[in-house]
Amino acid sequence: MMGDVYIPQCPFCHSENVLTPMTERDYKQGCEEIKTRLVMPCCNGKLVIEKIDHDYFWTTEAVRKSH
């Protein structure tokens with residue numbers, strides 16, 4: 001929404017609809033496959049984003065459990 005980046009669910013504390021502190025610069029770097037650090041504001045969990053595409057954030061570690 002209007003440049004804000006929301007995560008549907010925090011992979012660490014499972015809070016829903018988390019507004020991230022990601023800046024436009026951070027987002028552009030992720031789209032250019034430049035590693036970008038993201039600290040979740042809900043629990044201070046840390047992610048390293050390797051790549052951003054139109055659907056996903058690709059991180060250096062698995063954040064979803066496979067079934």
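Here are a few friendly notes on this predicted model, taken element by element.

1. A good place to start is the hairpin at the beginning of the chain. Strand 1 (residues 6-9) pairs with strand 2 in the antiparallel sense, with 3 bridges between them. One pair to look at is Ile7, whose bridge partner in strand 2 is Val18.

2. The turn of this hairpin deserves a glance if you check backbone torsions. There are 6 residues between strand 1 and strand 2, and His14 takes a positive phi near 70 degrees in this hairpin.

3. Next comes Thr20, which sits in the loop that links strand 2 (16-19) to helix 1 (24-31). Is Thr20 buried or exposed? Thr20 counts as buried because its relative accessibility is 7%, and the cut-off for buried is under 20%.

4. What surrounds Thr20 can be listed briefly. Its side chain reaches the backbone oxygen of Val5 at 2.9 Å. Setting aside neighbours within four places in sequence, Thr20 is in contact with Val5, Ile7, Leu38 and Pro41. Val5 thus appears both as the residue whose backbone oxygen is reached and in the contact list; Ile7 is also the residue that bridges to Val18.

5. Now for the sheet. Strands 3, 4 and 5 form an open sheet of 3 strands in the order 3-4-5, and the pairing is antiparallel. Strand 3 and strand 5 (57-59) are the edge strands, each pairing on one side only. From one strand to the next, the twist averages 50 degrees.

6. Within that sheet, strand 4 (residues 46-52) and strand 5 run antiparallel and are joined by 3 bridges. Ile52 has Phe57 as its bridge partner in strand 5. Helix 1 packs on the sheet, where it touches strand 3, strand 4 and strand 5. The direction of helix 1 makes about 55 degrees with that of strand 4.

7. Last, have a look at Ile34, in the loop between helix 1 and strand 3 (36-39). With a relative accessibility of 37%, Ile34 counts as partly exposed, because that class covers values between 20% and 50%.

8. Which residues does Ile34 contact, leaving aside its neighbours within four places in sequence? They are Gln29, Ile49 and Glu50. For Ile34 and Ile49, the separation is 15 residues in sequence, and 8.2 Å in space from C-alpha to C-alpha.

Definitions and conventions: Residues are numbered from 1 along each chain as its sequence is written. This is a predicted model: local features need pLDDT of at least 70, side-chain atom pairs count only at pLDDT 80 or more; totals for chains, interfaces and linings use all residues. Side-chain values use heavy atoms; hydrogens and water are left out. Helices (H or I, at least four residues) and strands (E, at least two) are DSSP runs, numbered from the N terminus. Buried means under 20% relative accessible area, exposed over 50%, partly exposed in between (1.4 Å probe, protein chains only). A polar contact is a pair of N or O atoms within 3.5 Å; within protein, one must be able to donate a hydrogen and the other to accept it, and residues adjacent in sequence count only if both atoms are side-chain atoms. Contact means heavy atoms within 4.5 Å. Two strands pair if DSSP finds at least two bridges between them. Axes are lines fitted to C-alpha atoms, for helices over the stretch in contact, and angles run from 0 to 180 degrees between N-to-C directions.
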